[in-house]
Amino acid sequence: MKILLKKCSVYSLLLLCTIIQAQNTETVLSGNVTDTQNNPIEFAHLELVGSKAKTISDENGFYKFVNPTAGTFLLRVSYMGKDTFTKRVQIIKDSANQLDIELINKEENLDEIVITGDKMPAIAKANSEYVARLPISNIENPQVYITVSQDLMEAQSVTDLDGALKNVVGAGVPVRFDQNRITFLSRGFQVEPKIRNGLTTFNQNALDPVNLERIEVLKGPSATLFGSSEVSYGGLLNRVTKKPHDNFGGAVAYNGGSWNLNRLTFDVNTPVNSSKSLLFRVNGAVHGEKSFQDAGFFNNTAFTPSLTYTLSANTTLHFDLEYTKSKGTSPVRHNPDTGDLSERSAEDFLAYYNTSYTSNDIFYETENIDIFGEIRHKLSDTWTSSTSFARTSVFHDGYTSRIDGRSENTFRARVNSGYYGYNSTNIQQNFTGEFNLGSLKNRIVVGVNYYNYHQDRDISYINTSEFEYGSADYYNEFNKAYIDAEMSNGTRTLRNQTTNTYSAYVSDVINISDRLLAMLSLRFDRFNDEGTNNMLTGESDGTYNQNALSPKLGLVYEVIPDQVSAFGNYMNGFTNQNGTGADGDSFDPEHANQFEGGLKFNVLKHKISGSISYYNIDVKNIVREDPDDSDFDIQDGGQTSKGIEVEFIANPLPQLNLIFGYAYNKSELQNTEDGAEDGLRPASAGPESLVNWWLDYTVPLKHKNNLVFGLGGNYGSSSFQTNTVDATVTIPSYTVLDFGVTYHVNRFSLGVKLNNLTDETYWSYRLAPQKPRHLVANLGFKF
């Protein structure tokens, strides 16, 4: 195996050197795309009209046509919000042709009144370097992804990640677990936000949105390019953080509202030196709010500095830190009893909607340190090296709790007390480039990845006495003094665990023709679990190793170049499984396979964009309890998840923006014990139908001031908290409406947002009541 790996490494190096050397004798047209302030423009579309040649600019604004046909052509360059650039260019064979391009803002050429300053720009999907790990446009990408921009979050007065997820197709009602960490839905599976700038950062605590440039939600199992460690079969969420730029500026904002919401944020950016080779930016937030229920609170502080240093024309270093510290009480988590009643509803507990089942002296404290660094080096005109790392250190200490029903009318609390610590390290090396094999243009990424995860756990738990719902006696036991006294006799867990994952992957996007593209990708993972050490018994178990292959295939045909494409993909995800069956055989990794097809569009000069897709996900090898021996598990379960997703984004007028999303999902269990639950929808899959929408309209006023009105909503069909052959707990459908208005004058903004306008009562699938109608006011200043 070692000899084979050495040979592969040598052959790969020789191939890379041969490809780079071959570029030196090719016909080239290259240059930089910038705006009027000489800032580089990424993802500008360039096309030599009348030929098959087209490309897009990279993060430095650099573009390059390799081996275009010699002759005279019309070069057309387009980018959202800029005037289309056209110029006749003569390309000389076997020579390097240079042309730099400056794009002008559309507003600068308008004779009529224009909206500038704080007007929210058109809500459009951003092209992403993370989704495919290659600089390809959304139209060229065979995978569906959703983006939520900083501008949209600002327009909606978003104060937490839950609010941003309202804009994600099929996300449903986010679920808050202990420490206020959240999960959300994607294609019938739960997703946790554990990817940051394309790397895995294990985080079990609340995440503040203050440092978000945007969020990207990739749809479907994405293990091929992102690994299996923290990726759901339904997709993943990538948090793209704010980066420094070369102009001084910033913003300060205050949000205040219902239940004593107080939130102060700031964003300051500045060049550090006169050459602007060293750039600095810092974002921060101080957040505090109480629960709408009879007890409960959440306080958070975030500090997020970042640096970008241009070492040379070819080398850039970036570093950023996210430090957050929070304190709060456990969100409600309710498991109702179904022993006496086989069918129940969340509405059975409507009388206790405002009951927290907690106490403000039963709280937890957390701390997150997330470090990210990257060195990007341009090896040649067509090849780039990117070396990046992410290091996360997380802990939470204190009390968390949940409510367990004991009968139709009684319950008890389970309270955990103690320390959880998590550390993760992700190191990644990518080589991206492009080359021609005959007439086939190839854009390729080759990468290796190392991921280490370690956890420490020292916790104890107790169960309180049983109480009737609504009983005031419950609070005599649910307080710090009582719980601390009882915890000395609680059940204790003291253990640690370490895992390592070693990966290599390659993904190649091939232009079979000027309209037909193919994506061929493959990942190899070597997973090593060093075992779980029980510090109380001195025993260690669960040590094992597993190998897994994850392919990804995609086809894109551009029906109308750069505007409409038909796509299809096969994607794979997997989860490593430890333990053995009764026969002593170890388990294989779980595998999820997705087939998907649909359309993407970006038409009428970017005024209308979106996607329509149908997917089918089949999960096999799910590990479940052995029906013949409860001391062991067996591996034969499965789940199918299929559905339709629609995303529609429109900017028909400069003053009007519209987002609409619809998701239908049908999820069913397969191969369950004795087949009894085959065909049942898992409760964690959420509602079958979900709708999200948002529109805003800007009214221009004198002196370039404006007034922005926004209206949005979310709908979810009925779903389940429990859905088995023995019992069901139903969660009713919901419709939530939000309305806001913001006045922009000079550099100031003043806004009011009314969330849950109709005071809807609704729940997450963990039977957690959601916020009733509440008000958020915002005051901001940009400099």
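Strand β15 (residues 212-219) and strand β16 (residues 235-241) run antiparallel and are joined by seven bridges, where strands (E, at least two residues) and helices (H or I, at least four residues) are DSSP runs numbered from the N terminus, and two strands pair if DSSP finds at least two bridges between them. The structure is a predicted model, in which local features need pLDDT of at least 70 and side-chain atom pairs count only at pLDDT 80 or more, while totals for chains, interfaces and linings use all residues. Residues are numbered from 1 along each chain as its sequence is written, and side-chain values use heavy atoms, with hydrogens and water left out.

Within the pairing of β15 and β16, Lys219 has Gly235 of β16 as its bridge partner. Strand β15 is also joined to β9, again in the antiparallel sense, by five bridges, and here Ile146 has Val217 of β15 as its bridge partner. These strands belong to an open sheet of five strands with mixed pairing, in the order β9-β15-β16-β13-β14. Because β9 (145-149) and β14 (199-200) stand at the edges with a single partner strand each, one side of each is left without a neighbour in the sheet. Seven of the eight residues of β15 are buried, so this strand is largely enclosed by the rest of the structure; buried means under 20% relative accessible area, exposed means over 50%, and partly exposed lies in between (1.4 Å probe, protein chains only).

Another enclosed strand is β4 (residues 62-66), in which five of the five residues are buried, so that it is largely enclosed by the rest of the structure. From β4, Phe62, Lys64 and Val66 point one way and Tyr63 and Phe65 the other way, and all are buried. Strand β1 (residues 28-34) pairs with β4 in the antiparallel sense over five bridges, and Leu29 stands opposite Phe65 of β4.

The largest nonpolar core has 30 residues, of which Phe411, Val415, Tyr474, Phe478 and Ile483 touch the most other members; such a core is a set of buried Ala, Val, Leu, Ile, Met, Phe, Trp, Tyr and Cys residues joined through side-chain atoms within 4.5 Å. At least two residues of this core come from each of β25 (383-405), β26 (410-437), α6 (480-487) and β42 (734-745), and β26 gives the most, with three residues. When neighbours within four places in sequence are left aside, Phe478 is in contact (heavy atoms within 4.5 Å) with Tyr357, Thr358, Ser359, Ile362, Ser401, Ala413, Val415 and Ile483. Apart from this core lies another, of 22 residues, among them Ile146, Ile182, Val191 and Ala663.

Internal space was examined on a 1 Å grid over the protein atoms alone, where a cavity is a set of points at which a 1.4 Å probe fits but cannot get out, a pocket is an open set with protein on both sides within 12 Å along at least five of seven lines, and lining residues have an atom within 4 Å of a point. Grid points are joined across faces, edges and corners, and a volume is the space filled by probe spheres set on the points. The count comes to 11 cavities of 30 Å³ or more. The second largest cavity has a volume of about 140 Å³, and of its 20 lining residues the closest to its centre are Val173, Gly686, Pro687, Ser764 and Tyr765. Strand β11 (residues 182-186) gives the most to this lining, with three residues. The second largest pocket holds about 1,200 Å³ of space, and of its 37 lining residues Glu192, Ser228, Ser229, Glu230 and Thr575 are the closest to its centre.

Individual residues were also examined. Arg376, which is found in strand β24 (residues 364-378), is buried, with a relative accessible area of 16%. Not counting residues up to four places away in sequence, Arg376 touches Glu59, Glu129, Asn314, Thr315, Thr316, Thr384, Ser385 and Ser386. Gln179, in the loop between β10 (175-176) and β11, has a positive phi of about 60° although it is not a glycine, and counts as buried at 4% relative accessibility. Lys276, in the loop between β18 (261-271) and β19 (278-290), likewise has a positive phi, near 60°, in a residue other than glycine, but counts as partly exposed at 38% relative accessibility.
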